[in-house]
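Subject: Handover of a structure for your work

Dear colleague,

Please find below the structure that I am passing on to you. My notes on what was found in it follow directly after.

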Amino acid sequence: MFAEFLSDNGGMNYDIYEKDFIILKGKIDDIISGSHNIEDAIFCTESWCAGVSNNDVIISFSYDETYYEFINIKDFQYALKTWLKFIKTTPSLEASVEIELNEPVS
């Protein structure tokens with residue numbers, strides 16, 4: 001689900017949400033450091049939403065509330081940072097990024 005959340009671009013360029021992902025990453029960085037309130041740390045793409053709590057991020061499908069998964073907030077932070085770096089690379093068939101999470105996604 002996380003990959004769908006990151007790549008749900010509504011048929012536009014992959015960087016369409018780049019600015020919003022940077023803002024979300026900043027909020028997550030601040031939540032982890034303890035300097036930000038989690039109340040406004042939510043972001044939605046065309047079909048997916050990410051809601052942040054102190055320890056986890058819930059990725060949910062906007063059209064079916066029963067379709068969701070939790071990701072550890074630090075894993076989400078790492079994956080989002082890696083995704084932002086990846087979408088700035090020059091497009092290439094050889095370009096790929098693997099992201100290993102510390103905890104299994106539930």
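**Glutamate 18 and its surroundings**

Glutamate 18 is found in helix α2. Please bear in mind throughout that this is a predicted model. With a relative accessible area of 17%, glutamate 18 is buried, because the limit for that class is under 20%. Once its neighbours within four places in sequence are set aside, glutamate 18 is in contact with Leu84, Ile87 and Lys88. The last of these, lysine 88, is 70 residues from glutamate 18 in sequence, yet the two C-alpha atoms are 9.4 Å apart in space.

**Overall arrangement**

The chain has 106 residues, of which buried residues make up 35%. Its secondary structure comes to three helices and four strands, and the order of these elements from the N terminus on is α-α-β-β-β-β-α. If one takes the contacts between residues at least 6 apart in sequence, 45% of them join residues at least 24 apart.

**The pairing of α2 and α3**

Helix α2 covers residues 18–33 and helix α3 covers residues 73–86; their axes come within 10 Å and cross at roughly 145°. The crossing in which α2 passes α3 is left-handed. On the α2 side, the contact is made by Glu18, Phe21, Ile22, Leu24, Lys25, Ile28, Asp29, Ile31 and Ile32. On the α3 side, the residues are Ile73, Lys74, Phe76, Gln77, Leu80, Lys81, Trp83 and Leu84. Sorted by class, this contact of α2 with α3 has 11 nonpolar, one polar and five charged residues.

Isoleucine 22, one of the α2 residues in this contact, is partly exposed, with a relative accessible area of 42%. The C-alpha atoms of isoleucine 22 and leucine 84 are 7.6 Å apart in space, while the two residues are 62 apart in sequence.

**The salt bridge**

How many salt bridges does a search of the whole structure find? The search finds one. In this salt bridge the side chains of lysine 25 and aspartate 29 meet, at 2.5 Å from N to O. Both residues lie in helix α2, where they are four residues apart, about one turn of the helix. Both also belong to the α2 side of the contact with α3.

Do the two partners count as buried or as partly exposed? Lysine 25 counts as buried, because its relative accessibility is 19% and the class requires a value under 20%. Aspartate 29 has a relative accessibility of 23% and therefore counts as partly exposed.

**The nonpolar core**

The largest nonpolar core has 19 residues. Those with the most contacts inside this core are Phe21, Leu24, Val52, Val57, Ile59 and Phe76. At least two residues of the core are supplied by each of α2, β2 (48–52), β3 (56–61) and α3. Helix α3 gives the most, with five residues. Phe21, Leu24 and Phe76 also appear in the contact of α2 with α3.

**Serine 60 in strand β3**

Serine 60 is found in strand β3. It is buried, with a relative accessible area of 19%. Apart from neighbours within four places in sequence, serine 60 is in contact with Ser47, Trp48, Cys49, Tyr67 and Tyr68.

**Phenylalanine 86 in helix α3**

Phenylalanine 86 has its place in helix α3, and with a relative accessible area of 25% phenylalanine 86 is partly exposed. If residues up to four places away in sequence are not counted, phenylalanine 86 touches Ala95, Ser96 and Val97. Among them, serine 96 is 10 residues from phenylalanine 86 along the chain, and their C-alpha atoms are separated by 8.0 Å.

With kind regards

Terms used:
Residues are numbered from 1 along each chain as its sequence is written. This is a predicted model: local features need pLDDT of at least 70, side-chain atom pairs count only at pLDDT 80 or more; totals for chains, interfaces and linings use all residues. Side-chain values use heavy atoms; hydrogens and water are left out. Axes are lines fitted to C-alpha atoms, for helices over the stretch in contact, and angles run from 0 to 180 degrees between N-to-C directions. A crossing is left-handed if the near helix is turned anticlockwise from the far one by less than a right angle, and right-handed if clockwise. Contact means heavy atoms within 4.5 Å. Ala, Val, Leu, Ile, Met, Phe, Trp, Tyr, Cys and Pro count as nonpolar, Asp, Glu, Lys and Arg as charged, and the others, Gly among them, as polar. A nonpolar core is a set of buried Ala, Val, Leu, Ile, Met, Phe, Trp, Tyr and Cys residues joined through side-chain atoms within 4.5 Å. Buried means under 20% relative accessible area, exposed over 50%, partly exposed in between (1.4 Å probe, protein chains only). A salt bridge is a side-chain nitrogen of Lys or Arg within 4 Å of a carboxyl oxygen of Asp or Glu.
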